[in-house]
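Open the model in your viewer and keep the sequence panel beside it. Each stop below tells you what to select and what is there.

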Amino acid sequence: PTLSLSIDDKDLRYGTSSTIGCPKIDLTANKTNSITMAPAGDQANSLVVGLSLPITQDAARLLQTAREDGYDYVTTQLPHNLQPRSDVTSLESRWWRTSVVGMVNDVGNSIATWEPKLKAQMEWATHMSIPAVLFPVIPLHNVDGYGRAVSSVALQASATNGQIWIRTELTEESIQAFDLLHRQCDGASNVGMMLCMDDIVPSHPAGGNPSSAMAANVAASVVANLMTLIHKSVGSQLKAICFPTKIFLTNKRGYPTLSKTHQVLFTEVLRRVGRTVRILIEGPEVHTIEGGMGVSNCLPYLQYIRHLRQRPEVGAQMLDTAESALEEPY
């Protein structure tokens, strides 16, 4: 199953007015590029980037705001029940199908509640034709129990090609937990990983201020270990990467930037799976740029991610095509 977070030219020719329910949100004026999982023609250099904000119950308003800044999709929290939501009628079905990703709320600590809560929210996502749903991180104390719950829901979702993205930290334990869970799901193709790129600044050795040589060695070792985890993630159904705004640093001009370590890791991901991986920026904003924050207040983060994608060392060395795979095997 493939996720299509696309804005189709044919779809955009239709109007958005409706006399039923809440007023329709008109998104036709804020057209973004047509982007699908399979690159074709001038779409080959596209990168799908989404926006997630803390208050995400109104997908219609958030999508309108995000698209004005150039984001391709947004997230919305999934309800536990069939309680009416105004955005169900104010946002047309084609946008639910292509530009909204669901988020499962906290499923609690009780194993008995995991499966029913996951199923209830996944059923709502299926009803709305949402193409992908974010699941909470795997509880390391009970990978088997969580895996059984996800396996049952994944089978249900596969009937409608619904994808499940499981939040996974960039640690050895978390990636191993995902591998175990994926095996419990019989290698289901609709179960993938969303890699969360949280703060991974290399720590200094204990005992005071390290010498520059020692610090360099420690940093190099940390980056090498993280790079190994990146390669493991790529081989473990990596579907998306999440960048919380809080991990962005500030450059001399006051704009957000990622640490050198994050840049190296993200560049490698783009080289390996840049044509299929989805990016998610999780707000709210932590920078203030007068006149440059956009409607969503998160425009600078999108601009920076797209800037990294345009670097020559990324575009010239991308490996995820049939031709490059033959020339330069992984």
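The tour starts with the whole chain and then moves through its parts.

**The whole chain**

Select everything. This is a predicted model. The chain holds 11 helices and 10 strands. Half-hidden is a fair description, since 50% of its 330 residues count as buried. About 15400 Å² is exposed, and carbon and sulfur atoms supply 52% of that area. Among contacts between residues at least 6 apart in sequence, 78% join residues at least 24 apart.

**The barrel**

Show the strands as a cartoon. Eight strands close into a barrel, in the order β1-β2-β3-β4-β5-β6-β7-β10, with parallel pairing. On average, neighbouring strands of this sheet are turned by 30° against each other, direction ignored.

Now select residues 163–169 and 191–196, which are strands β5 and β6. These two strands pair in the parallel sense over six bridges. Glu169 stands opposite Cys196 in β6.

Next, add helix α1, residues 59–69. Helix α1 packs on the sheet and touches β1, β2 and β3. The direction of α1 makes about 160° with that of β2.

**Strand β1**

Select β1, residues 49–52. Are the two faces of β1 covered or uncovered? Both are covered: Val49 and Leu51 on one side are buried, and so are Gly50 and Ser52 on the other.

Look at the strands paired with β1. With β10, residues 278–282, strand β1 pairs in the parallel sense over four bridges. The bridge partner of Val49 in β10 is Ile279. Two bridges join β1 to β2, and these strands also run parallel. Leu51 stands opposite Val74 in β2.

**Leu78**

Move on to Leu78, in the loop between β2 and α2. Leu78 has a relative accessible area of 1%, so the residue counts as buried; the cut-off for buried is under 20%. Show what surrounds the residue. Leaving aside neighbours within four places in sequence, the contacts of Leu78 include Gly102, Met103, Trp124, Ala125 and Ile130. Ala125 is 47 residues from Leu78 along the chain, yet their C-alpha atoms are separated by 7.1 Å.

**The nonpolar cores**

Nonpolar side chains tend to be buried together in soluble globular proteins. In this model, the largest nonpolar core has 76 residues. Select Phe135, Leu170, Ile241 and Phe243, which touch the most other members. Then select helix α5, residues 143–158, which gives the most to this core, with seven residues.

Centre the view on Phe243. Which residues is Phe243 in contact with, leaving aside its neighbours within four places in sequence? Among them are Met197, Phe248, Leu258, Phe266, Ile279 and Ile305. The list also includes Glu282.

A second, separate core has 12 residues, including Tyr73, Val101, Leu134 and Ala240.

**Helix α8**

Finish with helix α8, residues 260–273. At 1.5 Å a residue, its 14 residues should span 20 Å, and the end C-alpha atoms are 20 Å apart, so the two values agree. The helix is mostly covered, with 12 of its 14 residues buried. Colour the buried residues to see them; they include Phe266, one of the contacts of Phe243. Others on the buried list include His262, Glu268, Arg271 and Arg272.

Note on methods. Residues numbered from 1 in each chain as written. Predicted model: local features only at pLDDT ≥ 70, side-chain atom pairs only at ≥ 80, totals over all residues. Heavy atoms only, no water. Core = buried A, V, L, I, M, F, W, Y, C linked by side-chain atoms within 4.5 Å. Buried < 20%, exposed > 50% of the residue type's maximum accessible area, 1.4 Å probe, protein only. Contact = heavy atoms within 4.5 Å. Expected span 1.5 Å × (residues − 1). Areas by Shrake-Rupley, 256 points an atom, 1.4 Å probe, with all protein chains shown as cover. Pairing = 2+ DSSP bridges. Axes fitted to C-alpha atoms, helices over the stretch in contact; angles between N-to-C directions.
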